[in-house]
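Work through the following exercises with the sequence and the three-dimensional model side by side, and try each task before reading its solution.

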Amino acid sequence: MARMFSRQSQSMVSDAPALLSRRGLLRAATAGMALAVVRLALPSVTWASRLPDGRVSLYNLHTDERLSVTYRDETGAYDQDALNALNHFLRCHHTNETTTMDVQLIEFINLVQKRVGGRREVHIVSGYRSPEYNAQLIRMGTRAARHSYHVSGQAVDVQIPGVPLRTLREVALRLGCGGVGYYPRGKFVHLDSGPFRHW
């Protein structure tokens with residue numbers, strides 16, 4: 001069953017009307033409207049149309065690429081070409097492999113970007129990681145997890161120039177949309193579309 005953003009995010013995002021409640025989500029699932037696989041299917045148009053405009057501006061620190069793309073229109077419909085561009089942009093910088101990124105992660109990035117100033121470019125420190133690259137990071141003794149959300153296309157590590165990491169972390173925590181990790185030594189904040197938790 002697809003997981004939508006938590007109820008906490010409804011009250012915290014002033015520029016986005018209330019999202020589906022858990023009760024509403026369960027009703028939708030019962031009616032057969034829930035999505036079977038989050039990563040491979042898109043959130044409902046009704047749900048997506050309640051979010052701020054679906055545009056992100058990103059810079060990849062490893063590939064020196066920039067991408068400003070509108071992945072969702074004003075009616076809530078997703079643009080598959082734009083999502084494909086995001087999949088490529090967020091590819092594993094070590095192996096050049098791509099995956100289907102979780103759309104709810106893209107929405108999380110968008111909400112964070114809008115909340116801290118809208119037009120500030122989000123710098124991607126790490127996006128998708130191939131299993132090979134993730135295993136290499138583990139062998140090197142980094143804090144990479146064996147079952148990392150990066151490997152399933154559900155996590156990014158980000159920084160936003162001009163925004164203190166503590167502020168970025170607090171904004172992400174207040175949204176309550178997924179996992180939030182704080183890495184001041186690495187100069188990034190981890191965002192993922194898994195269950196809400198923080199470290």
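A residue counts as buried when its relative accessible area is under 20%, as exposed when that area is over 50%, and as partly exposed in between. The model used here is a predicted one.

**Exercise 1. The protein as a whole**

Task: Find how much of the protein is buried, and describe the order of its helices and strands.

Solution: Begin with burial, where the cut-off just given places 51% of the 199 residues in the buried class. Turn next to the surface, of which the protein exposes about 9,800 Å², with carbon and sulfur atoms supplying 51% of that area. Then look at the secondary structure, which consists of seven helices and seven strands; read from the N terminus, these elements follow the order α-α-α-β-β-α-α-β-α-β-α-β-β-β. Finally, consider the contacts between residues with a separation of 6 or more, and note that 63% of them join residues 24 or more positions apart.

**Exercise 2. Two packed helices**

Task: Describe how helix H5 packs against helix H7, and state which residues meet.

Solution: Two packed helices are described by the angle between their axes and by the distance between those axes. For H5, residues 103-115, and H7, residues 165-175, the angle is about 125° and the axes are 10 Å apart. An angle over 145 degrees would count as roughly antiparallel and one from 65 to 115 as roughly perpendicular, and the pair H5 and H7 is therefore oblique. The crossing of H5 past H7 is right-handed. On the H5 side the contact is made by Phe108, Leu111, Val112 and Arg115, and these meet Leu168, Val171, Ala172 and Leu175 of H7. Sorted by type, the residues of this contact comprise seven nonpolar, no polar and one charged.

**Exercise 3. Positive phi angles**

Task: Examine Asp64 and Lys187, and state what phi each has and where each is found.

Solution: Recall that most residues other than glycine have a negative phi. Asp64 is not a glycine, and yet its phi is positive, at about 60°. Asp64 is found in the loop between strand E1, residues 54-60, and strand E2, and with a relative accessibility of 54% Asp64 counts as exposed. Lys187, also not a glycine, has a positive phi of about 60°. Its place is the loop that lies between strand E5, residues 179-183, and strand E6, residues 188-192, and Lys187 is exposed, with a relative accessible area of 56%.

**Exercise 4. Buried, partly exposed or exposed?**

Task: Classify Arg66, Gly181 and Pro195 by their accessibility, and list what each one touches beyond its neighbours within four places in sequence.

Solution: Start with Arg66, which lies in strand E2, residues 65-72. The relative accessible area of Arg66 is 55%, so Arg66 is exposed. Apart from its sequence neighbours, Arg66 is in contact with Leu58, Tyr59, Phe89 and Glu121. The C-alpha atoms of Arg66 and Val122 are separated by 9.8 Å, although the two residues are 56 residues apart along the chain.

Continue with Gly181, which belongs to strand E5. Its relative accessibility is 0%, so Gly181 counts as buried. The contacts of Gly181, again without close sequence neighbours, are with Phe188, Val189, His190 and Trp199, and the distance between the C-alpha atoms of Gly181 and Asp157, 24 residues apart along the chain, is 8.7 Å.

End with Pro195, in the loop between E6 and strand E7, residues 197-198. With a relative accessible area of 45%, Pro195 is partly exposed. Not counting residues up to four places away in sequence, Pro195 touches Tyr149, Gly178 and Gly179. Between the C-alpha atoms of Pro195 and Val180, 15 residues apart along the chain, the separation is 9.8 Å.

Note on methods
Residues are numbered from 1 along each chain as its sequence is written. This is a predicted model: local features need pLDDT of at least 70, side-chain atom pairs count only at pLDDT 80 or more; totals for chains, interfaces and linings use all residues. Side-chain values use heavy atoms; hydrogens and water are left out. Axes are lines fitted to C-alpha atoms, for helices over the stretch in contact, and angles run from 0 to 180 degrees between N-to-C directions. Helices (H or I, at least four residues) and strands (E, at least two) are DSSP runs, numbered from the N terminus. Angles under 35 degrees count as roughly parallel, over 145 as roughly antiparallel, 65 to 115 as roughly perpendicular and the rest as oblique. A crossing is left-handed if the near helix is turned anticlockwise from the far one by less than a right angle, and right-handed if clockwise. Contact means heavy atoms within 4.5 Å. Ala, Val, Leu, Ile, Met, Phe, Trp, Tyr, Cys and Pro count as nonpolar, Asp, Glu, Lys and Arg as charged, and the others, Gly among them, as polar. Buried means under 20% relative accessible area, exposed over 50%, partly exposed in between (1.4 Å probe, protein chains only). Accessible areas come from the Shrake-Rupley method with a 1.4 Å probe; for residues, only the protein chains shown count as cover.
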